[in-house]
Amino acid sequence: MKIFSNEEMKNLDRIAIEEYKIPGIILMENAGIAVVKEIVKSLEIKENKRVAILCGLGNNGGDGFVIARHLISYGLGVDTYVIGNTSSIKGDAKINYEILVHLKASITTIKDEEDLAMLEDSLEKCGILVDGILGTGLQRPIEGVIKEVIAIVNKSKKEIIAIDIPSGINGDDGEVYGEAVKANKTITFQLPKIGNILYPGSDYCGKLLIENIGIPKNAIDAIEAKISLITEKMVQALLPKRYSDTHKGSYGKALIIAGSFGMTGAAILASKAALRSGAGIVKTAVPKELSVIIENQLIEAITVSLEELWNQDNQQAFRLKGEDAIAIGPGSGRAEAFKKLLEAVVEEATVPVVIDADGLNLLAENIDILKSLKAPCIITPHPGEMARLTGLSIDEINRNRIDVARGFSLKWKVITLLKGARTIISDEKGNVYINSTGNPGMATAGSGDVLTGMITGLLAQGISPLEATITAAYLHGKAGDRTAEKYGQYSMLAGDILEEIPYGIKELLKF
Ligand SMILES: NC(=O)C1=CN([C@@H]2O[C@H](COP(=O)(O)OP(=O)(O)OC[C@H]3O[C@@H](n4cnc5c(N)ncnc54)[C@H](OP(=O)(O)O)[C@@H]3O)[C@@H](O)[C@H]2O)[C@@H](O)CC1
Ligand SMILES: Nc1ncnc2c1ncn2[C@@H]1O[C@H](COP(=O)(O)OP(=O)(O)O)[C@@H](O)[C@H]1O
Ligand SMILES: [K+]
């Protein structure tokens, strides 16, 4: 599903109005009605059925006026508050404002401190507050009276329903612009905005509902999506199919180069995750002295020693025997010999390569090696690893997750999967996919190794590198969400996530 920025949404609105001749006031009416439906649902279980609607001077406020009119027509008690000077209301919003005036609706303007004290008292009398102060037209940090109104709304302890996006959240990146409404529910129109999906914006939205307001599909298609949300439907279509007349060779051979003394678990988790994701054969390459430990715990994989793969002494070339995908780095340590092996893999592999964890830390020491890639490459850094790869601070990365992932992909021609709450995936052309499955319980040692194994297992089955990365990110988060339900976010382990992969896949295949 496409996700739009404020500018793209404005463009869509323009196309709908100018090219498809749908009057803006119809879109505003549809938007208002979509929110009214949700308000009515909430009111059904509330004793206090009075609704307060807070409106700004733009079209977000215009939607608020439409909502007020419909609720009044249901005979409900509605108080409309306009923040600012009503003489500045224009266009469709003005038409809807004037209808309310003619209806003799209760409209109060909020301009100064005195009005604020009154507002605080009046909101107390309502069961639901509707936030129509600002939407995708947010231009600058919130200050002054609006800031204080938002603080009052947030303090109210009432159910808060936001129109399109909570006021103060920047639709372009999900950042709080000075102050923002903390909603229980947000009804966004036609398509999610980036700010509805990324954190902290996503938290401020509460439950997010996406409602159609009658913008034609062709108009949406006309705007090239640079950012998409990974959906269940998308992943269902991407998951490799299994056919009757096949054998293990049909589902590919994954090579996992991982683990070192003290970090054998990473190799085990990644290898099992590749198998759980459907790879036909998994070969796990570990230092020779660890083979026994690994074999004890990983009965379904073939174990080979690193020395068999690559002989450092005579600089013998890295040898591949019919592998379909390679992962390198989980728990592998940062020994010089391993760095050489990593370089050999990058330079010589002809099948997709996933680089993770210590593989990325070593890559950061000689990033130019990426220029010699022959095969598609996927890197899976968490923000700390990304900081080492780019020289940016973790804070800079987290504030610009989309731009950083996209920038790295464009520069180095690799697929970048930037981990964290809302994993960001960028392909080599800068198309971005956001994953919304997963939870903070997954911030537990080894959970990244499971993801690496899943990507590699899916790659081995022959789907494209981008498809494998998207599918793995979604299913990894799904398995994490199932695990959190079972064990709670505090106690879940990476190994538990691994055990939930099958059920996540089964759930997906049911529909
Ligand atoms: N797209 C669609 O298809 C549809 C969109 N619809 C709806 O329209 C909404 C977008 O409407 P919009 O463009 O009028 O912007 P909106 O958010 O109301 O704000 C603009 C006003 O806020 C002001 N302002 C800005 N920043 C400020 C600040 N920090 N502090 C204070 N003021 C600030 C700005 O003032 P100015 O900068 O001009 O001084 C201007 O007055 C969208 O979210 C959705 O709800 C639906 O009706 C149906 C179809
Ligand atoms: N708050 C969160 N919400 C969603 N996913 C998360 C969250 N925290 C961590 N994760 C996911 O958990 C995994 C952690 O990976 P990583 O940091 O590499 O762990 P490790 O190196 O210990 O295996 C990543 O896939 C990341 O996206
Ligand atoms: K809003």
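Q: Which residues of α15 are buried?
A: Burial is a matter of how many neighbours crowd around a residue: 20 or more other C-beta atoms within 10 Å of its own make it buried. In this predicted model, the buried residues of α15 are D358, G359, L360, N361, L362 and L363. That is 6 of the 8 residues in the helix, which spans residues 358-365 and is mostly covered.

Q: What do the buried residues of α15 pack against?
A: To read packing, look for the elements that touch the buried side. Here the partners are the strands β12 (325-328), β13 (353-355) and β14 (377-379), together with the helices α14 (336-348) and α16 (383-390).

Q: Three of those partners are strands. What is the order of the strands in the open sheet of 10?
A: A sheet is read by walking from strand to neighbouring strand. This one goes β8-β17-β16-β15-β14-β13-β12-β9-β10-β11, and its pairing is mixed. At the edges are β8 (227-229) and β11 (302-305), each of which pairs on one side only. From one strand to the next, the twist averages 20 degrees.

Q: How many bridges pair β14 with β15?
A: Bridges tell you which strands are partners and in which sense they run. β14 pairs with β15 (residues 415-418) over 2 bridges, in the parallel sense. If you want a place to look, find I379, whose bridge partner in β15 is T416.

Q: What is the strand order in the open sheet of 7?
A: Follow it as you did the other one: β3-β2-β1-β4-β5-β6-β7, with parallel pairing. Its edge strands are β3 and β7 (207-211), each pairing on one side only. Neighbouring strands are turned by 20 degrees against each other on average, direction ignored. Within this sheet, 3 bridges join β5 to β6 (residues 185-189), and the two run parallel. A162 stands opposite T186 in β6.

Q: Which strands does α3 lie across?
A: For a helix on a sheet, ask what it crosses and at what angle. α3 lies across β1, β2, β4 and β5, and runs at about 155 degrees to β1.

Q: Which residues of α6 are buried, and what covers them?
A: Start with the helix itself. α6 (residues 144-155) has 12 residues and reaches 17 Å from its first C-alpha to its last, close to the 16 Å expected. Its buried residues are I146, E148, V149, I150 and V153. Their cover includes the strands β1 (51-55), β2 (78-83), β3 (106-110), β4 (128-132) and β5 (159-163), as well as helix α5 (113-123). Just after α6, K157 takes a positive phi of about 60 degrees.

Q: How many residues surround ligand 1, and which are the closest?
A: A ligand's shell is read by count, by source and by class. Ligand 1 is surrounded by 28 residues, the closest being D13, G58, N59, G135 and G137. The elements giving two or more residues are α1 (6-19), α2 (24-44) and α3 (59-73), and the largest share, 5 residues, comes from α3. By class, this shell has 14 nonpolar, 10 polar and 4 charged residues.

Q: Which residues are the closest to ligand 2?
A: They are K419, G438, P440, M442 and G448, out of 18 that surround the ligand. Helix α19 (residues 447-460) gives the largest share, 4 residues. The classes here are 7 nonpolar, 9 polar and 2 charged.

Q: How many helices and strands does the protein chain have?
A: Stepping back, you can count 21 helices and 17 strands. The C-alpha trace spans about 90 × 45 × 40 Å along its principal axes, and 51% of the 511 residues count as buried.

Terms used
Residues are numbered from 1 along each chain as its sequence is written. Chains are lettered from A and ligands numbered from 1 in the order in which they are written. This is a predicted model: local features need pLDDT of at least 70, side-chain atom pairs count only at pLDDT 80 or more; totals for chains, interfaces and linings use all residues. A residue is near a molecule or strand if its C-beta atom, placed from the backbone, lies within 6 Å of it. Ala, Val, Leu, Ile, Met, Phe, Trp, Tyr, Cys and Pro count as nonpolar, Asp, Glu, Lys and Arg as charged, and the others, Gly among them, as polar. The expected span of a helix is 1.5 Å times one less than its number of residues. A residue is buried if 20 or more other C-beta atoms lie within 10 Å of its own, exposed if 12 or fewer, and partly exposed in between; C-beta atoms are placed from the backbone. Two residues are in contact if their C-beta atoms, placed from the backbone, lie within 7 Å. Two strands pair if DSSP finds at least two bridges between them. Axes are lines fitted to C-alpha atoms, for helices over the stretch in contact, and angles run from 0 to 180 degrees between N-to-C directions.
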